[in-house]
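Biologist: Got a minute to go through this model with me? I'd like the fold, then the pockets.
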Amino acid sequence: MVHQWILDSGRWLTKRRGVLLAPIFTVALVGSRWAHSLRLEWTQDLAGVACILLGSRLRFLAASYHECEQDSDSSPLTAGPYAWVRHPLYLAIFLVGLGIV
């Protein structure tokens, strides 16, 4: 049941990804302008570092898995990080960019 919810949410987000990215980045930028308290700034900094580390790790795993497990036929990968996300490299780049912002 939870697995189906994740799939449905992913399909919904994928269909609207072009429209949703601008508001997400806008909220991140405006939120950083309103971060007047030192505690909130540290929280945002730690969240940014976590996104960068997670994105870097996912990028490394996805790239190394893709190189090691590619078969001679052109069937898509459905194991490893590719079992959860269709394009884990794109997600990794997004996470690193979000962490930098």
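What follows is a short exchange on the fold, the surface and one pocket.

Modeller: Sure. Keep in mind that this is a predicted model.

Biologist: How many helices and strands does the protein chain have?

Modeller: Four helices and zero strands. From the N terminus on, the order is α-α-α-α.

Biologist: And what share of the residues is buried?

Modeller: Buried residues account for 11% of the 101 in the protein chain. Buried here means under 20% relative accessible area.

Biologist: What about the accessible surface of the chain, how much of that belongs to carbon and sulfur?

Modeller: The total is about 8400 Å², and 67% of it belongs to carbon and sulfur atoms.

Biologist: Back to the fold. Of the contacts between residues at least 6 apart in sequence, what percentage join residues at least 24 apart?

Modeller: That comes to 56% in the protein chain.

Biologist: Pockets now. What volume does the second largest one have?

Modeller: About 230 Å³. Eleven residues line the second largest pocket, and the closest to its centre are Q44, G48, L98, G99 and V101.

Biologist: Which elements give two or more residues to that lining?

Modeller: They are α2 (17-33), α3 (38-69) and α4 (88-100).

Biologist: Which one gives the most?

Modeller: α3, with six residues.

Biologist: And by class, what is in the lining?

Modeller: The lining of the second largest pocket has six nonpolar residues, four polar and one charged. Gly counts as polar in that split.

Definitions and conventions:
Residues numbered from 1 in each chain as written. Predicted model: local features only at pLDDT ≥ 70, side-chain atom pairs only at ≥ 80, totals over all residues. Heavy atoms only, no water. Buried < 20%, exposed > 50% of the residue type's maximum accessible area, 1.4 Å probe, protein only. Contact = heavy atoms within 4.5 Å. Areas by Shrake-Rupley, 256 points an atom, 1.4 Å probe, with all protein chains shown as cover. 1 Å grid on protein atoms, 1.4 Å probe; cavity = no way out; pocket = protein on both sides within 12 Å on 5 of 7 lines; lining within 4 Å. Points joined across faces, edges and corners; volume = space filled by probe spheres on them.
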